[in-house]
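New to this one? Have a look at the model below, and then we can walk through it piece by piece.

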Amino acid sequence: MALTTAPEPTRRGPGSARAHSDRRGPGRIRHSEGLAGYVFLSPWLIGLMGVTAIPMLLSLYLSFTNYDVLTPFSEVRWVGLANYERMFTADPSYWHAVRVTVTFALIAVPLKLAAALGVALLLNRAWRGVGLFRGLFYLPSLLGGSVALAIVWVNMFNRDGAFNSLLSLFGITGKPWVNDPDWALETLMVLAIWQFGAPMVIFLAGLKQVPTELYEAASVDGAGRFRQFRNVTLPMLSPVIFFNLVLETINGFQGFTAAFVLSNGTGGPVDSTLMYTLNLYITGFTELNMGYASAMAWVFLLAIAVITAIFFSTGRFWVHYSDGEDR
Amino acid sequence: MHPATPPTTDAPAGRAHRTAPPRRRLLRGLLAVTVAAPLMFGAAACGDDGGAADPNAPVKLSIFWWGGDARAKLTEDALALYTKKHPNVTFEKTWQANQGYFDKLATLTAGGNPPDLFQIDDNYLAEYAARNTTLDLTSYQESGKLDTSKFPKSLWQYGVVDGKLAGLAAGENTQGLVYNKTLLTKHNLPEPTTGMSWEEHIAWAEQVTAKTKVPGTQDPSADYKALWVWLRQQGKDLYKGKELGFTAEDVTTWFDLWKGARDRKATPTADVIHEGNSSDVTKQLVVTGKSATSWVWANQMPDLKKNTKDELGVIAYPGDPSAQWARASMYWSVFKGSKNRDVAVDVINFLNNDVEAVKLLGTDRGLPSNLDLRRVVSDDTTDPAMKQSIAVEAELTQTFGESPQVPIKGHSKVKAELIKAAENAQYGRATPAEAAAQFLEACKSAIA
């Protein structure tokens with residue numbers, strides 16, 4: 001359906017309307033203009049179709065089959081809801097992965113946003129060299145989900161890594177963090193939190209938008225630093241907080257690279273870093289249960305959609321859009 | 001390109017004359033191309049029957065393997081030699097590290113674009129053979145186009161899945177217990193020997209830990225190949241037909257054995273064991289200096305040696321060495337739908353039976369499968385680590401037992417579940433009995 005309806009807006013767009021009224025031979029020119037439009041659109045369109053839309057629809061179909069990667073499509077067998085049933089009733093490691101992922105998101109996302117906001121507040125001043133610090137704090141998130149960074153992390157946080165050497169200066173014997181099932185996930189959380197640069201930059205931009213007269217008025221009314229933050233900054237920043245919260249939650253749920261590298265693609269030690277996407281990857285590509293993995297992917301998509309919808313529906317209680325003046 | 005072209009060539013024609021909105025035609029064309037493309041590749045992959053009629057027609061054969069730079073160099077040289085002898089045959093070579101290799105191979109197969117000829121091992125052979133991805137080489141073997149007359153029988157038989165020859169052994173290896181000679185000599189400790197019992201091995205390791213402060217042995221309870229040897233010594237096996245060849249009690253005994261070893265400090269701590277549970281050669285504890293022995297394959301000796309300055313020794317796993325067998329370290333398999341299957345089989349034959357090619361390849365993929373050529377190579381080799389692995393295998397060849405069946409479909413999951421269960425016991429999160437029960441439960445769904 002999406003395939004045929006998507007281009008409709010272009011047809012009714014201003015370009016073709018003008019072509020219709022200005023020219024004598026509307027048909028031809030409209031056609032060639034339309035064609036040109038599609039030609040210009042084609043890199044995106046082909047990308048969307050080939051890399052996103054068609055594979056997605058295909059995976060929806062596959063989620064109802066026993067597709068195992070190696071067997072040709074023509075021999076794929078329809079299994080109805082069996083994959084979904086298995087997920088919800090007969091696969092403890094699936095629920096384990098859900099637990100790991102939710103734990104990760106519940107802890108890492110708020111802390112990351114808090115760190116981002118805290119540092120943004122500090123850097124929202126006219127100090128000398130503040131630009132340099134902004135750059136430095138932003139740097140880790142540029143490295144993003146890179147494999148190299150994850151490797152560095154593993155080496156910093158194993159038994160004889162740099163972090164434990166640091167601890168030993170204070171006479172503390174560290175843990176083998178990444179190789180300890182009780183701490184491996186926490187180590188990944190720290191990595192995620194450390195990369196708070198992207199939300200920080202957005203917070204900074206948001207802070208700059210807060211009109212200074214509000215602070216002036218507040219301080220005239222006798223509000224202290226904290227009251228100003230609580231009653232001016234936070235409400236004015238709430239749309240940005242909302243935006244970051246939605247984005248980072250989705251990111252948090254999708255964490256893959258670091259867990260993959262840290263555990264050599266196994267989710268270990270003892271499944272402690274078996275994130276949802278990693279479990280999905282193992283199911284699809286190592287165990288070759290691609291039909292089942294597709295079902296997992298669709299449930300994942302729905303779960304994220306539901307969570308995002310919940311954010312949006314609660315948003316009206318705490319997100320304050322100032323541009324509407326009297327809202 | 002045929003199925004896809006008509007709609008696209010149609011679209012411009014429609015633009016001039018037809019009444020149907022061209023936009024939709026174009027879209028339909030695009031859609032047709034995108035939908036048809038995968039189908040088309042799929043169709044092409046199904047291939048036409050047989051090899052080329054003209055033996056001198058140019059052939060480009062795609063070949064895919066895993067391994068390091070050294071293997072790539074050797075393999076490329078051997079393939080160049082083939083091209084020299086058969087100028088019409090050229091190769092499209094792709095190789096990469098072991099990690100991710102099978103993901104890539106599966107994806108290539110799914111995309112309808114698998115290599116004609118590929119390297120595979122016993123962890124995946126049955127997965128591919130059971131799904132009819134590999135060409136049955138039996139007819140070539142019978143006609144002599146694939147010569148296995150100089151192979152040990154048990155070796156080529158270890159490529160038979162469900163009565164079909166799914167892959168031909170590219171080399172032979174067997175389990176090898178590698179120990180740090182330098183460390184033992186320095187502390188005046190005895191070297192372990194083939195035939196020691198498991199108890200004796202653990203007692204020896206305990207002594208090593210006490211004297212050297214380096215844990216005596218990696219705990220192999222998460223290692224399927226060690227469990228496998230041990231099971232065979234108990235008259236059991238990893239698989240019997242489509243079933244598991246062992247019970248929860250067997251695994252409990254196995255986990256208990258190693259819990260005892262850990263309690264006696266014969267092994268490193270759980271987190272270090274976890275590091276060593278990686279299949280990566282560079283992370284084996286005997287080369288990272290975190291234990292005095294590691295449980296590997298005998299042909300990995302040269303690779304291990306490259307990662308340490310210490311002298312290494314290699315023997316069989318503890319217990320009766322006749323539980324070990326001539327294992328195909330890896331196979332060459334031909335994609336069933338390959339258009340160049342005859343040539344591909346001839347290349348396999350060449351890589352295994354041509355004296356120059358085998359000399360070039362050396363023991364990189366294990367001992368040469370062809371026994372005559374194995375002798376030639378072992379006489380020629382100068383690499384001391386390679387010599388050691390040849391020596392131990394030659395010695396064990398005297399006692400090798402029957403080959404077990406090739407691990408069944410679902411084996412990769414079984415391997416992963418064993419690691420999980422064993423680590424649960426190692427970290428003290430489960431008793432050996434609980435971990436064993438958990439393992440058996442997981443295996444059931446894995447091989448179902």
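In this predicted model, the centres of domain 1 and domain 2 of chain B, taken over C-alpha atoms, are 29 Å apart. Both domains are built from two separate stretches of chain B: domain 1 covers 59-171 + 329-390, while domain 2 covers 175-324 + 410-447. Where the two touch, domain 1 of chain B puts in 13 residues and domain 2 of chain B puts in eleven. On the domain 1 side of that contact in chain B, helix α18 (residues 384-397) of chain B is the top contributor, with four residues. Sorted by class, this domain 1 side of chain B has seven polar residues, five nonpolar ones and one charged one.

Next up is a sheet in chain B. It's an open one with three strands, in the order β10-β7-β11 (chain B), and the pairing is antiparallel. Why do β10 (293-297) and β11 (312-315) of chain B each have one side left without a neighbour in the sheet? Both stand at the edges with a single partner strand each, so there is nothing in the sheet on the other side. On average, neighbouring strands here are turned by 30° against each other, direction ignored. Helix α18(B) turns up again at this spot: it packs on the sheet and touches β7 and β11 of chain B, with its direction at about 15° to that of β11(B). Strand β7 (residues 175-180) of chain B is joined to β11(B) by four bridges, and the two run antiparallel. If you want a residue pair to find by eye, try B:V178, which stands opposite B:V314 in β11(B).

Chain B also meets chain A. That contact takes 31 residues from chain B and 32 residues from chain A. On the chain B side, at least two residues each come from α2 (22-46), α4 (101-110), α5 (125-130), α12 (270-276) and α19 (411-426) of chain B. The largest share belongs to α2(B), which gives eight residues. By class, the chain B side has eleven charged, eleven nonpolar and nine polar residues.

Now for chain A itself. Its secondary structure comes to 16 helices and zero strands. Chain A has 327 residues, and 31% of them count as buried. Of the contacts in chain A with a separation of 6 or more, 66% are between residues 24 or more positions apart. An unreviewed UniProt entry lists "transmembrane region" for residues 38-64, 102-123, 135-156, 183-207 and 295-319 of chain A. Among them, residues 102-123 of chain A are 100% helix, with end C-alpha atoms 31 Å apart. Residues 183-207 of chain A are 88% helix, and there the end C-alpha atoms are 35 Å apart.

Finally, some backbone oddities. Most residues other than glycine have a negative phi, and most peptide bonds are trans. Chain A has a cis peptide bond between A:G268 and A:P269, with omega at about -10°. You'll find A:P269 in the loop between α14 (257-262) and α15 (276-286) of chain A. Two residues of chain A that aren't glycine have a positive phi, as the table shows.

| Residue | Phi | Loop in chain A | C-beta neighbours inside 10 Å |
|---|---|---|---|
| A:V69 | near 75° | between α4 (26-62) and α5 (82-89) | 23 |
| A:D271 | about 65° | between α14 and α15 | 22 |

Are these two buried or exposed? A residue counts as buried with 20 or more such neighbours. A:V69 has 23, so it is buried, and A:D271 has 22, so it is buried too.

Terms used:
Residues numbered from 1 in each chain as written. Chains lettered and ligands numbered in written order. Predicted model: local features only at pLDDT ≥ 70, side-chain atom pairs only at ≥ 80, totals over all residues. Domains from an automatic or database assignment. Contact = placed C-beta atoms within 7 Å. Nonpolar A, V, L, I, M, F, W, Y, C, P; charged D, E, K, R; others polar. Buried ≥ 20, exposed ≤ 12 C-beta atoms within 10 Å, placed from the backbone. Pairing = 2+ DSSP bridges. Axes fitted to C-alpha atoms, helices over the stretch in contact; angles between N-to-C directions. UniProt positions renumbered as here; feature names shortened; annotations may be inferred.
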